[in-house]
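Biologist: I would like to learn how to read a structure one feature at a time. Could we work through some loops, strands and pockets together?

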Amino acid sequence: MTPEPALFTIQPAGLLDLNDLRRLESLCFEADAWPVLDLMGVLTLPGIVRLKAVIAGRMVGFAAGDKRDPLGIGWITTLGVDPAYRRQGVGRGLLEACEEQVGLPRVRLTLRRSNLEAYRLYQAAGYSRYEVWPQYYSGGEDGIVMQKVLGEAKNSQIG
Ligand SMILES: CC(C)(COP(=O)(O)OP(=O)(O)OC[C@H]1O[C@@H](n2cnc3c(N)ncnc32)[C@H](O)[C@@H]1OP(=O)(O)O)[C@@H](O)C(=O)NCCC(=O)NCCS
């Protein structure tokens, strides 16, 4: 049965969230979890959007977006939701908020070819397959790059 939508808030994240983010990262990504230095970077570097989803004071999801690309393409660099809070709209909410704060007309992201849950989320959110990065992930799995065109530049979209 699909659970009721969760009542969550989306808030800016910062370095004080490091421990919660480490916990979430290992719950969500296992072998792909970022090392602690990368997590510190995503929580502090300029040009990065960092957002957490919070329920009852607890971080249940995290997303980051990078708006530093010289070509003006925003990248959603990570999105994860605590398994206990999935299928309640948290991932979609974080993704939309991140896109909005990145504020660029094109946004891209990558995911493992086998990650059908994420693929469905991104497809439902308006992303389409853009290109394949062969053997991008550890273990040799391909990365699928997906793109969403927001705003005026829709003609340049590659399906
Ligand atoms: C992918 C992930 C972020 C989705 O988070 P979530 O909070 O469960 O997503 P939502 O509840 O907002 O789902 C939104 C839509 O995505 C699709 N979706 C999400 N999870 C799905 C699943 N397990 N099966 C099928 N569709 C799914 C559905 O269309 C869903 O809408 P619906 O519930 O109304 O049918 C979460 O599963 C996760 O953290 N996975 C591990 C980390 C990861 O793979 N991150 C992405 C890598 S780039």
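Modeller: Start with a loop residue, and keep in mind that this is a predicted model. Asp 142 sits in the loop between β6 and β7.

Biologist: Which side chain does Asp 142 join through a polar contact?

Modeller: The idea is to look for pairs of N or O atoms within 3.5 Å. Here the side chains of Asp 142 and Arg 113 are joined by a polar contact of 2.9 Å. A polar atom of the Asp 142 side chain also lies 2.9 Å from the backbone nitrogen of Gln 135.

Biologist: Next comes the strand after that loop. Is β7 mostly covered or mostly open?

Modeller: To judge that, count the residues with under 20% relative accessible area, which are called buried. Strand β7 covers residues 143-149 and is mostly covered, with 7 of its 7 residues buried.

Biologist: Which residues of β7 point one way, and which the other way?

Modeller: In a regular strand the side chains alternate between the two faces of the sheet. In β7, Gly 143, Val 145, Gln 147 and Val 149 point one way. Ile 144, Met 146 and Lys 148 point the other way, and all of these residues are buried.

Biologist: How many bridges link β7 to β5?

Modeller: For pairing, read the direction and the bridges. β5 and β7 pair in the antiparallel sense over 7 bridges, and Arg 106 stands opposite Val 149 of β7. Strand β6, residues 128-133, also pairs with β7 in the antiparallel sense, over 5 bridges. There, Arg 129 stands opposite Met 146.

Biologist: Now the pocket. What is the volume of the largest pocket, and which residues are closest to its centre?

Modeller: Read the volume, then the lining. The largest pocket has a volume of about 1500 Å³. It is lined by 39 residues, and the closest to its centre are Phe 29, Leu 79, Asn 115, Ala 118 and Tyr 122. The elements that give two or more residues to this lining are α1, β4, α3, β5 and α4. β4 gives the most, with 7 residues. By type, the lining divides into 20 nonpolar, 10 polar and 9 charged residues.

Biologist: Which residues are closest to the ligand?

Modeller: The ligand is surrounded by 19 residues, and the closest are Leu 79, Val 81, Gly 91, Arg 92 and Asn 115. For polar contacts, go atom by atom. A ligand nitrogen is 2.7 Å from a polar backbone atom of Leu 79. An oxygen atom of the ligand is 2.8 Å from a polar backbone atom of Arg 87. In the case of Arg 86, an N or O atom of the side chain is 3.3 Å from a ligand oxygen.

Methods. Residues are numbered from 1 along each chain as its sequence is written. This is a predicted model: local features need pLDDT of at least 70, side-chain atom pairs count only at pLDDT 80 or more; totals for chains, interfaces and linings use all residues. Side-chain values use heavy atoms; hydrogens and water are left out. On a 1 Å grid over the protein atoms alone, a cavity is a set of points where a 1.4 Å probe fits but cannot get out, and a pocket is an open set with protein on both sides within 12 Å along at least five of seven lines; lining residues have an atom within 4 Å of a point. Grid points are joined across faces, edges and corners, and a volume is the space filled by probe spheres set on the points. Helices (H or I, at least four residues) and strands (E, at least two) are DSSP runs, numbered from the N terminus. Ala, Val, Leu, Ile, Met, Phe, Trp, Tyr, Cys and Pro count as nonpolar, Asp, Glu, Lys and Arg as charged, and the others, Gly among them, as polar. Buried means under 20% relative accessible area, exposed over 50%, partly exposed in between (1.4 Å probe, protein chains only). Two strands pair if DSSP finds at least two bridges between them. A residue is near a molecule or strand if one of its heavy atoms lies within 4 Å of it. A polar contact is a pair of N or O atoms within 3.5 Å; within protein, one must be able to donate a hydrogen and the other to accept it, and residues adjacent in sequence count only if both atoms are side-chain atoms.
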